[in-house]
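The following note sets out points on the structure for a colleague's consideration. The points proceed from the contact between chains to the sheets, the helices and the loop.

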Number of protein chains: 2
Amino acid sequence: MRQNPLAFARNVLKILASRPDAPPSLEGNRLLEAILHRRSVRKFSGVEIPDDVLAAILEAGRLAPCAVNFQTWSFSVFTDRTWRNVWGGPIPFGGSRGILVMADTHRGKKVLKAFPRRPLVEYTLAVINASLAAMNMNIAAEALGVASVMITETGRGGYLDVRFVKEKLALPGGVIPLLTLILGYPKSGPPPMPPKLPVDQVSFSGPYREADSGILRDWLAQMYAGFKADHPGSSFDAQLALYRSRIDKAEADLRELVYEEDAHE
Amino acid sequence: MRQNPLAFARNVLKILASRPDAPPSLEGNRLLEAILHRRSVRKFSGVEIPDDVLAAILEAGRLAPCAVNFQTWSFSVFTDRTWRNVWGGPIPFGGSRGILVMADTHRGKKVLKAFPRRPLVEYTLAVINASLAAMNMNIAAEALGVASVMITETGRGGYLDVRFVKEKLALPGGVIPLLTLILGYPKSGPPPMPPKLPVDQVSFSGPYREADSGILRDWLAQMYAGFKADHPGSSFDAQLALYRSRIDKAEADLRELVYEEDAHE
């Protein structure tokens, strides 16, 4: 998608002007403000995260809600040194810690073979639970002044590189890497809000309501403009092409890992 | 698993004694406390949730982080009246609102056919994103004094009943219900913490570390005891049998919906 300079500028201004829409009646609720003003940060200061702060973040992961209380998650924690040992480079964006979040149906099966093997149901349950834990850690970090970003592609710590991560970390069958939470203190102020769809385009009452195509196109134009503003030498199309180049292998690897019977038993 | 009365009592006491393990150095951080003391509540008072509070909760869903900012989620919001119309009974547990959270890869495709169809990668991305949004709404509710529980099975508002929900809400291809967030004001004080594994059993540094079988067995014994204490007339085994009875259909339906090419185009 190409935009003329005027359209580009207009879209960038829309992004810069956008704010969380908290009802004025709830102003002053600091908890709510922390949640709504949370941003994904991609530039960290290099200042170390103290051990007690990291412990509290992991505690939020441990105590996240989960279906049937099955806790189908595992977290692998990295310092910059241990990250370098495994991945051969620094933690992305200058982060101080990385927490790789995995869907884990392996652990529970050591003591409870409750279900016949139904891989897609199990996988769905495990991905939901692990993602809830990831978000709980993300907000706990925010509560402690620690910024974060969840990566699924950068640094190869996510589901697009399941096979690679699995080998690097010797993950048993039933353990599938989903994303990595990169943690650190922010280097500068919060970045602008990424272009978000209006609430009436993502929520409705009762039956499904189709989104408005015009509003979706406006959103997409902002996505392109925002990407260009952040990466003047690249384009959102180039980024999408990068994903496309990796998606075939990811699909094949994921299918093998999710459905491979032998590896799980 | 049967437990003698002494073992049962010991396990119930373990559950009652268990507390979030926040480092003492971080005491007094109210947002952290709200996150760590959040509980899934299953008894609501019937007091209505004001519209501004519900709007703020949905705003937290809208602003959740997500891979590539693709916002692959949809939320269907129910009052007790609209819940009854669709599901034929009251909101479970006396909740005041229900928010059904769906993985949605349908909406974006109306304007961006960026990727070849790779169903498991798409599904994974959408489930991760939608679950992040669900957790962000859960914590936002907590910040506003609203309790909640995420249900995947009770009331049929989750992935175990995909086909049923899909028909009731006329969901297009690519939209898959995952869970329902039931919201309300709690009827009484917070319930005890469910038995959670120690942090060193779910996290490790670098390569995968197997959990300790003895600790897992202790955890499972607490799961059985806790269930018995909550449901004296039933057992955790009976509950597992209920899941087992529904998992075959869920697996078949999920596979059809995730992989069905025609429905998506």
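1. Two residues are taken to be in contact if their C-beta atoms, placed from the backbone, lie within 7 Å. On that basis, the contact draws on 92 residues from chain A and 93 residues from chain B. Helices (H or I, at least four residues) and strands (E, at least two) are DSSP runs numbered from the N terminus. Helix α6 (residues 119–143) of chain A gives the largest share of the side of chain A that touches chain B, namely 14 residues. That side of chain A divides into 63 nonpolar, 17 polar and 12 charged residues. Here Ala, Val, Leu, Ile, Met, Phe, Trp, Tyr, Cys and Pro count as nonpolar, Asp, Glu, Lys and Arg as charged, and the others, Gly among them, as polar.

2. The basis of the description should be stated. This is a predicted model, in which local features need pLDDT of at least 70 and side-chain atom pairs count only at pLDDT 80 or more, while totals for chains, interfaces and linings use all residues. Residues are numbered from 1 along each chain as its sequence is written, and chains are lettered from A and ligands numbered from 1 in the order in which they are written.

3. Strands of a sheet pair through backbone hydrogen bonds, either parallel or antiparallel. Two strands are treated as paired if DSSP finds at least two bridges between them. An open sheet of five strands, with mixed pairing, follows the order β3(A)-β4(A)-β2(A)-β1(A)-β5(B). Its edges are β3 (147–151) of chain A and β5 (203–205) of chain B; each has a single partner strand, so one side of each is left without a neighbour in the sheet. From one strand to the next the twist averages 25°.

4. Which strands join the chains within a sheet? β1(A) and β5(B) run parallel and are joined by three bridges, with Ser76(A) opposite Phe204(B) in β5(B). Strand β5 (residues 203–205) of chain A likewise pairs in the parallel sense with strand β1 (residues 73–79) of chain B, over three bridges. In that pairing, Ser203(A) faces Phe75(B) in β1(B).

5. Strand β2 (residues 97–104) of chain B deserves separate comment. A residue is buried if 20 or more other C-beta atoms lie within 10 Å of its own, exposed if 12 or fewer, and partly exposed in between, with C-beta atoms placed from the backbone. Eight of the eight residues of this strand are buried, so β2(B) is largely enclosed by the rest of the structure. Arg97(B), Ile99(B), Val101(B) and Ala103(B) point one way, while Gly98(B), Leu100(B), Met102(B) and Asp104(B) point the other way, and all are buried. β2(B) pairs with β1(B) in the antiparallel sense over seven bridges, where Trp73(B) stands opposite Ala103(B). Eight bridges join β2(B) to strand β4 (residues 175–184) of chain B, also antiparallel; the bridge partner of Ile99(B) there is Leu181(B).

6. Axes are lines fitted to C-alpha atoms, for helices over the stretch in contact, and angles run from 0 to 180 degrees between N-to-C directions. α6(A) lies across β1, β2, β3 and β4 (175–184) of chain A, running at about 155° to β2(A). Helix α4 (residues 80–87) of chain A lies across β1 and β2 (97–104) of chain A together with β5 of chain B, at about 105° to β1(A).

7. α6(A) also packs against helix α2 (residues 30–37) of chain B at an angle of about 160°, with the axes 8 Å apart. The two helices are therefore roughly antiparallel, given that angles under 35 degrees count as roughly parallel, over 145 as roughly antiparallel, 65 to 115 as roughly perpendicular and the rest as oblique. Asn136(A), Ile139(A), Ala140(A) and Ala143(A) of α6(A) make the contact with Leu31(B), Leu32(B) and Ile35(B) of α2(B). These residues divide into six nonpolar, one polar and no charged.

8. Within chain A, the axes of helix α1 (residues 5–17) and helix α9 (residues 213–230) come within 8 Å and cross at roughly 90°. α1(A) and α9(A) are therefore roughly perpendicular to each other. The residues of their contact divide into seven nonpolar, three polar and two charged.

9. Finally, the backbone at Val68(A) merits inspection. Its phi is near 55°, a positive value in a residue other than glycine. Val68(A) lies in the loop between α3 (51–62) and β1 (73–79) of chain A, and counts as partly exposed because it has 18 C-beta neighbours inside 10 Å.
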